[in-house]
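Biologist: Please show me the model, and then I will ask about its rings, cysteines, cavities and a few single residues.

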Amino acid sequence: MSEATDRVDRFGDRLMTTFWRKPAATLAERTRRRVTLHLVPYLFFLYILAYVDRMNIAVAGLAMTDSPAHGGLGFNEEIVGIGAGIFFWGYWILEIPSTLWVERRGARWVFVRILILWGLVAAVMGSIGTPIAASLFGWLPHLSEDVGLFSGATAFINRLSHDAVAQFYFLRFMLGFFEGGFFPSVIVYLSHWFRQEDRAKALASFALAMPLSSVIGYTFSAFFLNGLEGWRWIFVVEGILPILAGFTTIFLLPDRPANAKWLPHEERDWLVGELSREHQQKVATRHVGWQSHVFMIVLLTAVYFCTNVTAYGLSTFMPKIMKSQLPALPFTLRSWLGLAGKMNPATLETRMKIMGALVATLPYYVSIVAVLINGWHSDRSRERAWHAAIPMAIASLGVLLASVLLGHPLLAMPAFIFIVGSCVYTHIPAFWPIPTMLLGASAAASAIGFINMVGNIGGMWGPTVVGKAADTSIADALLRIAPWSIGGATILIAMDVFRRWRMRRRAQP
């Protein structure tokens, strides 16, 4: 390490000696470590904020279904499920425009715009059904509802000033609309800082954000339920955090390596040169894009759609599912959890909601460990398809088993925690490198954006399906989402078998 390097980024140098026992053997390794420490933890934090704001409806929905007299809105599970799914109706719209802006103008202000606007919408959701929301939408003119095909849309707009359901749906749509560009923008942003061979590792680290955000979000949100209309503060507080992060981002995320003051000159010149050479290679082969691999991309998109149906259907209603099992626990366990003894029904119901949200974090603690182990083993073995498909299939079987065991919480809850929890997100570190493996560097970036954009529609379908069925039978709701993940696993294995067969055939004389 040169004296000049030490003067430029002493903080980064200390961190590198803390996290890596051996000094970097090459300039490439030292640069990769420094960029990772300065960018990936903060992006990881922002990704957690995104998932928390996306999934806090899972806990808030426990109280939104209460009657207005008890601080709720009188929603049923179908309304909550549709509202959770509507998020993805708006999610895909700004994905491509955001990535184009990142590529042409830089990422920092894209992230600032996304964070502040989604935070504002999330905070406003706390006012649903109040005079505040009525005043926010009261300026809208009353539209004629006799306009043929558009009569439904105009009727919906007219309801915004007084109907909590319409406000809920609209704000969930806008939350997805403003947040939608975040993940693909992260993908493009990382391509400005990491070479192709380092990019998959940096991207795979974001897999942990999904289960970790459920742990943090459920736990943090649960304590707001202890009070009349406490669910409103879930949205307000968790909306303020990304707004603050938006202003912080101005100072923490430089657009490109050339703008990074913490990057020593030697490392900056090397990184800029490497990325420039990679870009020139892509320009030289621009006629070879993922458009020539449309069938593979469609299949991978179908796989991602299937996994999202199961994953989002579960995460949106996991607190509700766990809460439904608590009354059937043995008296000793209920006493230990503070759910037995003499107390008024309202207090007991509040405690059940809080405990349901806290117990719902347990599958995601298991998921964090499983994601790390599966990602490590997939990298070590250099195998992707089976490392993604096997957890997907087991997650489906776990949901099916848990649905059969509902009503027997000593069996159903461990099935959720240890079988479903260990597999519901475990495919992610192995799945996202597959486009790069199949398509090559020139096609993978845009392919990942397309897979994420279209595949996330599964996040709309899953909560909607579960919400419609959960009002009558949670078991039936689980049965409706159980097959999807194993369907995605089947597609993935078929793709891998075909790919290997084609490689063997090409190798023959």
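Modeller: This is a predicted model. One residue to begin with is F220, which counts as partly exposed because its relative accessibility is 37%.

Biologist: How many aromatic pairs does a search of the whole structure find?

Modeller: A pair of aromatic rings is described by the distance of the centres and the angle of the planes. Searching the whole structure gives a number of aromatic pairs equal to 27.

Biologist: Is the pair of Y189 and W193 stacked, tilted or edge-to-face?

Modeller: The ring centres of Y189 and W193 are 6.0 Å apart, with 55° between the planes. Planes under 30 degrees apart count as stacked and those over 60 as edge-to-face, so the rest are tilted. Y189 and W193 are both buried. Their pair is tilted.

Biologist: And what kind of pair do F220 and F224 form?

Modeller: F224 has a relative accessibility of 22% and therefore counts as partly exposed. Between F220 and F224 the centre-to-centre distance is 5.2 Å and the angle between the planes is 80°. An angle over 60 degrees puts a pair in the edge-to-face class. F220 and F224 are edge-to-face.

Biologist: Which residue lies over the face of Y51?

Modeller: Y51 belongs to a cluster linked by ring pairs, with F111, W118 and Y304 among the other members. The residue over the face of Y51 is 4.3 Å from the ring centre, and it is R54.

Biologist: How many disulfides does the count come to?

Modeller: A disulfide is a covalent bond between the sulfur atoms of two cysteines. The cut-off for the sulfur pair is 2.5 Å. For C306, the nearest cysteine sulfur is that of C423, 17 Å away, and C423 in turn has the sulfur of C306 as its nearest. The count of disulfides is 0.

Biologist: Is C423 buried or exposed?

Modeller: Buried means under 20% relative accessible area. C306 has 9% and is therefore buried. C423 has a relative accessible area of 7%, so C423 is buried.

Biologist: Which helix gives the most to the lining of the second largest cavity?

Modeller: The count comes to 9 cavities of 30 Å³ or more, and the second largest holds about 80 Å³ of space. Its lining includes Y51, M210, Y304, N308 and H427. The largest contribution to this lining, 5 residues, comes from helix 16 (residues 294–325).

Biologist: Where is R382, the residue with a positive phi?

Modeller: R382 is not a glycine, yet its phi is positive at about 60°. With a relative accessible area of 65%, R382 is exposed. Its place is in the loop between helix 19 (362–381) and helix 20 (385–405).

Biologist: Which residues is D496 in contact with, leaving aside its neighbours within four places in sequence?

Modeller: D496 is in helix 26 (residues 474–507). Its relative accessible area is 4%, so D496 is buried. Leaving aside neighbours within four places in sequence, its contacts are A385 and W386.

Biologist: Which residues does M343 touch, not counting those up to four places away in sequence?

Modeller: M343 is in the loop between helix 17 (331–336) and helix 18 (345–359). Its relative accessibility is 24%, so M343 counts as partly exposed. Not counting residues up to four places away in sequence, M343 touches G338, L348 and R351.

Conventions: Residues are numbered from 1 along each chain as its sequence is written. This is a predicted model: local features need pLDDT of at least 70, side-chain atom pairs count only at pLDDT 80 or more; totals for chains, interfaces and linings use all residues. Side-chain values use heavy atoms; hydrogens and water are left out. Helices (H or I, at least four residues) and strands (E, at least two) are DSSP runs, numbered from the N terminus. Buried means under 20% relative accessible area, exposed over 50%, partly exposed in between (1.4 Å probe, protein chains only). Contact means heavy atoms within 4.5 Å. Rings of Phe, Tyr and Trp (its six-membered ring) pair if their centres lie within 6.5 Å; planes under 30 degrees apart count as stacked, over 60 as edge-to-face and the rest as tilted. A charge sits over a ring if NZ of Lys or CZ of Arg is within 6 Å of the ring centre and within 35 degrees of the ring normal. On a 1 Å grid over the protein atoms alone, a cavity is a set of points where a 1.4 Å probe fits but cannot get out, and a pocket is an open set with protein on both sides within 12 Å along at least five of seven lines; lining residues have an atom within 4 Å of a point. Grid points are joined across faces, edges and corners, and a volume is the space filled by probe spheres set on the points.
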